[in-house]
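Hi there,

I am handing over the structure we talked about, and I hope you enjoy looking through it. Have a look below first, and then read on for what turned up.

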Amino acid sequence: MVHGVVPAKGRTALIAAGALMLTGLCPVAAADPPPAGGSLPGAAHTLGADRPPAQLVAALGRDLGLTPEQAAARLVNEAEAGARAGRLRNALGERFAGAWVSGATSAVLTVATTAADDVSAIRAQGAMAAVAKRSLADLTAVKHRLDAAAAGAEALKAPVWYVDVPANRVVVEAPARSDARAFIEAAGVSGVAVRVSAGRPSPLADVVGGDAFHIEDRALCSVGFSVTREREPGFVTAGHCGEAGETTTGHDRTAQGVFRASTFPGRDMAWVGVNDDWTTTADVRAEGGRRMGVAGSVEALVGASVCRSGATTGWRCGIIQQHDASVRYARGAVDGLTRTTACAEPGDSGGPFVAGAQAQGVTSGGSGDCESGGTTFYQPVNVILAEYGLTLRTTAAATAPAPAPNPDPVPPPQDGTADVWSAGRVYAAGATVTHDGIRYRCLGTHQAQTAWPPAATPALWETA
């Protein structure tokens, strides 16, 4: 059963109103502006960012106020920045404090470190440098303590918390500062900023990605991305849309499939196996109802542009604000979401988020609407693929065999060992593999594809 649905009208966007305690960055300007193209030629081409479909460019122009030239340049710059940031993340190790893009065309990549001695090395890679008080690992550890306290009564009045990478701080959002303070004290953490927010996110519940589907003739959600598991076709969507075993009908009300697995709360993800009457594709429904192909699942940086599709509001774009955000819905907390400025409304739940041609996640919930604007959260798709052992349908060459279920993306190693690279596995930034006798380190979280072996994709892998 889908819970937590609220009318789109009357829901208020989250409004920042100041902070009680900040731990900021000391930005250090590069000697010259960083180049738009980046030091890793080929990243934009590998990820398909240098040949965006017209409907993506048009939507970015509408929602972000860009000219077609600026929108195209932004997509290329974001792809190149992701690869460059991955190299710097691996080089900085435990001193890494995050990376993000900024500017109308995302021409500026900023990489933060906790050591001032790293500034020259960051500049040498064409990025701006920022010296931070706390590493990304330290901030993430604080957030995880908040996650652990999410089941307590104090969390009920503090609906959102996340790591704000550019500000180098953990933030708790709540209707009143006292509510946020109570949650922070219950978690036993300090140095956490508070933002006052008037709205509470709720799941947006109400097979090309973005098309409508119906659950047991009682609820409406949106298709995410097409996938396969052990040759069974299907699609991913939000977990709050339905429970395992429940049946679905398509946008035309004909029999479609069955929820094979569903997780909510904790995470907000599910996948539906479809019958032989439905043919899955690598497409999502974009501007004007036209289709747009998905090339992979490389995770985009904070500050990057992102667009989503849904049954209620169609194709909408915004900016990625934070990764790894936590939200307390009425039915429980969900961890590991990504927070964006793209608007959404009930019925859009489960629909796809894309950055350029790369799949990012499925719509979980949000606040506000597409008339006044709002905040929307998505469940990252790589986590869904890894958890359920699914293979994303893409426009690349033949899809890889479905991997065995793996609870989380393959992480960076702790003991210096490396897995043998395998198509279909989800690799986290920093993970190491061997391929043809050579050791490589992952630059950005993604699901490996047969067309993307490490030696042929310097945008995704570097020799270790």
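Which residue of β7 does Glu173 stand opposite? It is Arg195. Please keep in mind that this is a predicted model.

That pair belongs to a parallel pairing: strand β6 (residues 169-174) is joined to β7 by five bridges. Helix α6 (residues 177-187) comes into the picture too, as β6, α6 and β7 together make a right-handed β-α-β unit.

Strand β7 itself spans residues 192-196 and is mostly covered, with five of its five residues buried. Both of its faces are covered. On one side you will find Val192, Val194 and Val196, and on the other Ala193 and Arg195, all of them buried. Arg195, the partner of Glu173, is thus a buried residue as well.

Further along there is a hairpin made by β9 and β10, with three residues between the two strands. Glu216 sits in that turn and has a positive phi of about 50°. The strands, residues 212-215 for β9 and 219-222 for β10, run antiparallel and are joined by four bridges. Within this pairing, Ala212 faces Ser222 in β10.

Since you may like pockets, here is one to look at. The second largest pocket has a volume of about 170 Å³. Its lining counts 16 residues, and Leu47, Gly48, Arg51, Ala295 and Thr395 are those that lie nearest its centre. By class, ten of the lining residues are nonpolar, five are polar and one is charged.

Happy exploring, and best wishes!

How values were computed. Residues are numbered from 1 along each chain as its sequence is written. This is a predicted model: local features need pLDDT of at least 70, side-chain atom pairs count only at pLDDT 80 or more; totals for chains, interfaces and linings use all residues. Side-chain values use heavy atoms; hydrogens and water are left out. Two strands pair if DSSP finds at least two bridges between them. Buried means under 20% relative accessible area, exposed over 50%, partly exposed in between (1.4 Å probe, protein chains only). A crossover is right-handed if, with the strands pointing away from the viewer, the path from the first strand over the helix to the second runs clockwise. On a 1 Å grid over the protein atoms alone, a cavity is a set of points where a 1.4 Å probe fits but cannot get out, and a pocket is an open set with protein on both sides within 12 Å along at least five of seven lines; lining residues have an atom within 4 Å of a point. Grid points are joined across faces, edges and corners, and a volume is the space filled by probe spheres set on the points. Ala, Val, Leu, Ile, Met, Phe, Trp, Tyr, Cys and Pro count as nonpolar, Asp, Glu, Lys and Arg as charged, and the others, Gly among them, as polar.
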